[in-house]
Amino acid sequence: MQRRDFLKGAGASLAASAAVALQGCSKKEAAGAAGELPTIRWRLASSFPKSLDTIYGAAEVLANRLDKITAGKFQIRVYAGGEIVPGLQVMDAVQQGTVECGHSASYYYVGKNMAYAFDTAIPFGLSARQQNAWMYYGGGLELTRELFKTSNIVNFPGGNTGVQMGGWFRKEIKSLADLQGLKMRIPGIGGQIMAKLGAVPQTLAGGDIYPSLERGAIDAAEWVGPYDDEKLGFAKIAQHYYYPGWWEGGPQLSFYVNIDKWNALPEAYRQAFEAAAAEANVNMLAAYDHKNPIALKHLLAAGVQLHAYPQDVMAAAEKAAFELYEAEAAKNEAFRKIYTQWKPYRDAEIQWFKLAEASYDNFVNK
Ligand code: CA
């Protein structure tokens, strides 16, 4: 079908239902919309502050592209975390229809079900590229959408930071023994694994990390990577910067749309939303890959010392992670359903990536 015919057809068939179903579409607009697409205004609640401009910015990329594709007819206004919805309640707000859509990290909601973490990252999980492969081709989107349907939400990949850094430490970590009793800001499943290794995980919001580290209430903290970490100023108080962030090998951010609002959208707008979300997904990773090496130079110039995590820490963490997943799968049906599909998929991806990708990277990274 020609694109022009498709758009014309979609507009004509949808005008009637659009008149009653769509938020922000007045009767007057709908009545005059025969053959045209309706005007829609949505609100998007982000989990993120504007200061995390790369993550927060993904929602602006989505909104700007939708505005341009639809000649201003489908507009989404983006609200930063806490403006209209608290940052960690975005999922609830979209589920309840308080807002039409949101942008968040699904592992914030592991308290509802640990299975939501597959939509972001689990420790020793997929890289950013592998996550995209799983979501777009490997069954990940279908599996996570089945889970999100229970929360009245349609989810879309909405950005990725790439593998994160492993955190800032006031003292060097030379082996597993140095983690005993160490207080580290590390939330979520990564924190649970750190606890199994003898550390004491803490959950602190972004703004509370620096003062806690400065006064010695915590000994270490993880955040994101050089670009975001530089802004929080950790280099002044904890100079040992570790890699990799094995709990976030390719954490994906997600857009959430209330399922009833999604079902009421004209097909052309659904297509536009999907395209704009995919653009935001690609764009965030590109932005981080551009900004991180520049920030890393600044950090090194400020005296930061880089260290790889000791091998015994990595090995113990990996073992603890998969023990935790097996135990969760044994008692949590939703987790088990995704994990049993995800695990062999991950293993096959690793078998492929360790050939050309890893050997190329190892050779050029000298
Ligand atoms: Ca992190």
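Begin by selecting helices α5 and α13 in this predicted model, where Arg129, Gln130, Ala133 and Trp134 of α5 meet Ile338, Gln341, Trp342, Tyr345, Glu349, Ile350 and Phe353 of α13. Sorted by class, this contact between α5 and α13 is made of seven nonpolar, two polar and two charged residues.

With both helices still selected, show residues 128-136 for α5 and residues 333-353 for α13, and you will find them packed at an angle of about 130 degrees, with their axes 11 Å apart. The two helices are therefore oblique to each other, and α5 passes α13 in a right-handed crossing.

Next, select the calcium ion and display the side chains around it, together with the backbone of Trp223. The ion is coordinated by Gln164 through OE1, by Glu222 through OE, which is listed twice, by Trp223 through its O atom and by Glu248 through OE, at 2.3 to 3.0 Å. Along the chain, these donors of the calcium ion follow the spacing Q-x57-E-W-x24-E. Because Gln164 sits in the loop between β4 (153-160) and β5 (167-169), while Trp223 sits in the loop between β8 (220-221) and α9 (226-232), this pair ties together parts that are 59 residues apart in sequence. If you colour the model by accessibility, Gln164 and Trp223 should both appear as buried.

Finally, move to Ala356, which lies in helix α14, residues 356-364. Ala356 has a relative accessibility of 42%, and so it counts as partly exposed. To close the tour, select Gly102 as well and draw a distance between the two C-alpha atoms: Ala356 and Gly102 are 254 residues apart along the chain, and their C-alpha atoms are separated by 37 Å.

Notes. Residues numbered from 1 in each chain as written. Predicted model: local features only at pLDDT ≥ 70, side-chain atom pairs only at ≥ 80, totals over all residues. Heavy atoms only, no water. Donors = N, O, S within 2.8 Å, 3.2 Å for Na, K, Ca; no water. Helix = DSSP H or I, 4+ residues; strand = E, 2+ residues; numbered from the N terminus. Buried < 20%, exposed > 50% of the residue type's maximum accessible area, 1.4 Å probe, protein only. Axes fitted to C-alpha atoms, helices over the stretch in contact; angles between N-to-C directions. Parallel < 35°, antiparallel > 145°, perpendicular 65-115°, else oblique. Left-handed = near helix turned anticlockwise from the far one by under 90°. Contact = heavy atoms within 4.5 Å. Nonpolar A, V, L, I, M, F, W, Y, C, P; charged D, E, K, R; others polar.
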